[in-house]
Amino acid sequence: MSAYNPLLRLLRARSAVTLRLCRKVTTWSPVGAAFNAQAVRRSDLFRKNGLFGVPELSSTEGFDVIQERALLETDQLVEKACSSSPGAVTVETFDKLSDSLCRVADLADFIKVAHPDPLYREAAEKTCINIGTTVEKLNTNVELCKSLKNLLDNEEIMAKLDPETRRVAELFMFDFEISGIHLDEKQRKEVVNLNVRLLDLSNKFLMGCHMPNRIDKRALPHHIHQHFINEGNYVQIGGLHADAPDDLVREVAYRIFLYSNGEMMHTLEELLSCRNKLARLVGYQSYSHRALKGTMAKSPGKAVILKDYSLHSPEEDFEMMKDMKTKFNPRNAVVHETEGLLGYIYCDFFYRPDKPHQDCHFTIRGGRLLDDGQYQLPVVVLMLNLPHPTRSAPTLLTPAMMENLFHEMGHAMHSMLGRTRYQHVTGTRCVTDFAEVPSILMEYFATDYRVINQFARHYQTGQPLPQSMVARLCESKKVCGAADTQLQIFYAVLDQIYHGKPQSRSTTDILIDMQQKYYGLPYVPNTAWQLRFSHLVGYGAKYYSYLMSRAVASMVWRQCFHKDPLSRETGERYRREMLAHGGGKEPMLMVEGMLQKRPSTEDFVDALVSDLDPDFETFIMDSDG
């Protein structure tokens, strides 16, 4: 999802680069041919049509034009919202206001991180800041809030609205409330100041999370210098080097990269403190309570902890790792057959310098119902970092690359198949612990032979991938699965504790305690892993979402798709019950509709561990205690 969304809490064509596709080998499947297509940029069309079909963006100056147009439209819509009588038109106007700003902000948010031209990135960054400033003002616009409150307080009118419209109205009001709109002027100013400070602290923490550490060369054995970046008399270590075959390299990287940093520690503690102050100021017990309102989890009161696998436990995984160490160390348009064009997916698949290294899905334009009855088609980008094809071979995907592609395509499907009335809740614009369900579900398809056999071929012979190889791959994914699940539980609990009641101990002391209770591997002295936990910014108090989404995806796969992953009937039901609603329907109701029952806590736990071991025991712990 767009990293800009947290800032846009209230307000939420074709590419100019056309491609000439040259098929090289006739034995490939259509998917293989797409991956090996040679891209040739037609710069004349690029300059004429502009980025994402926006003519103004044929140059960087166009950013000023589109943001000024959006701001002018915003002023007109604010005036309309404040002067209209309460009714569906109120919600429609709010959504148009959201759409006007998001269409510029989301587009700029992608360009600022992905465009190869630094001038475009700089212009997009300035646009994001300007739109963000406007959003901050709208968040504290009392008259705008009153227009929405007049609707919500009118029970007669609300009863006449359809469920999606009522939900969107409530979501807009929730966004006002968490911005402190109900407070007096002095307190509202404090909320604004806290949000500004949090933005600064978040950026500072994120930058620090990825900054390398340096150590004098003389402190390390000479033969491992080659594994790191050398800077004069220093060695620079910018990661954990977990894939390095030399255990000494891994140990050094772990100890140095995670070495405690006083300034970063202060930044994290101030970040958590400011979040707690903000939450309490707007009426919540803690930041975690504020963050989880409206999610599937509802509140931070319970964290599911898995323990005592009777057949397979994390400890067994750790022993297996130890034994192993001993042994081994001496561009598309989406078209429906009857509905026609559904939207656009821009595929930015290949590696290039200065491109973010993570695989991402970006919303460029959300879908919504227009006044003339037409539907505003969604536009998204899938950004990967695949190797380029060579003269001798096409782009060949590792299993991990293919799984990532399926994962991100799950997000794209969510965006393409959503048909909400309002863009504020279109596609992936839903609660965090539901947003990852479609993407994780696609990972199951990525490892099912019946699916893989539809496209996977040897690039030279055209022979399908052997079923035995797929089976071995699936089995290998279970290796250390219990340890990995327990690690995710540890991260989720740590995140909840950090964002719960303020603690009278350091974040490191909390980490040591939680690691001992919920993971099993001992803490390494003088390290501070939490200072590299970048998810504390984007997923603050919501890291558990990964586990909950995985549990839901597992239930949907096992109960609906496992028997026949290519079933058109099941796929249509999945679209109808889950994907079509975006965030416009209560998430648990969507899950209930798909599974035809409301899952219990035990169902969630069972789904989470069923792929690892059918025999297990669990206990539920209050995350506050």
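Which residues is Leu292 in contact with, leaving aside its neighbours within four places in sequence? The list runs to Ala297, Lys298, Ser299, Pro300, Gln496, Ala541, Lys542 and Tyr544, where contact means heavy atoms within 4.5 Å. This is a predicted model, in which local features need pLDDT of at least 70 and side-chain atom pairs count only at pLDDT 80 or more, while totals for chains, interfaces and linings use all residues. Residues are numbered from 1 along each chain as its sequence is written, and side-chain values use heavy atoms, with hydrogens and water left out.

Leu292 itself lies in helix H12, residues 287–292. Helices (H or I, at least four residues) and strands (E, at least two) are DSSP runs, numbered from the N terminus. With a relative accessibility of 2%, Leu292 counts as buried; buried means under 20% relative accessible area, exposed means over 50%, and partly exposed is in between, using a 1.4 Å probe and protein chains only.

Next comes a small set of strands. An open sheet is formed by three strands in the order S1-S3-S2, with antiparallel pairing. Strands S1 (213–216) and S2 (229–231) stand at the edges with a single partner strand each, so one side of each has no neighbour in the sheet. On average, neighbouring strands of this sheet are turned by 35° against each other, direction ignored. Helix H10 (residues 247–257) packs on the sheet, where it touches S1 and S3, and its direction makes about 85° with that of S3. Such angles run from 0 to 180 degrees between N-to-C directions, and the axes are lines fitted to C-alpha atoms, for helices over the stretch in contact.

As for the pairing, two strands count as paired if DSSP finds at least two bridges between them. S1 and S3 run antiparallel and are joined by four bridges, and S2 pairs with strand S3 (residues 234–237) in the antiparallel sense over three. Val235 takes part on both sides: Val235 is the bridge partner of Ile215, and Asn230 stands opposite Val235 too. In a regular strand the side chains alternate between the two faces of the sheet. Along S1, Asn213 and Ile215 point to one face and are buried, whereas Arg214 and Asp216 point to the other and are not. Just past this sheet, His241 sits in the loop between S3 and H10. His241 has a phi near 50°, a positive value in a residue other than glycine, and is partly exposed at 29% relative accessible area.

Another group of strands centres on S10. Strand S10 (residues 379–386) pairs with S7 in the antiparallel sense over five bridges, while S6 and S10 run parallel and are joined by six bridges. How many of the residues of S10 are buried? Eight of its eight are. Val379, Val381, Met383 and Asn385 lie on one side and Val380, Leu382, Leu384 and Leu386 on the other, so to speak two covered faces. Strand S7 (residues 360–365) is mostly covered as well, with five of its six residues buried. Among the facing residues, His361 has Leu382 as its bridge partner, Phe362 stands opposite Val381, and Asp348 stands opposite Met383.

The loop between strand S6 (340–350) and S7 holds Arg352. Arg352 and Asn385 are 33 residues apart in sequence and 7.7 Å apart in space, C-alpha to C-alpha. Apart from neighbours within four places in sequence, Arg352 is in contact with Ala114 and Pro116.

His361 turns up again in the surroundings of His411. His411 is placed in helix H14, residues 399–417, and counts as buried at 3% relative accessibility. Not counting residues up to four places away in sequence, His411 touches His361, Thr428, Ala435, Glu436 and Ser439.

Thr428 is also one of the residues lining the largest cavity, along with others including Thr363, Arg365, Val380 and Ser415. A cavity is a set of points on a 1 Å grid over the protein atoms alone where a 1.4 Å probe fits but cannot get out, and lining residues have an atom within 4 Å of a point. The volume of the largest cavity is about 50 Å³, a volume being the space filled by probe spheres set on the points, which are joined across faces, edges and corners.

Definitions and conventions: 1 Å grid on protein atoms, 1.4 Å probe; cavity = no way out; pocket = protein on both sides within 12 Å on 5 of 7 lines; lining within 4 Å.
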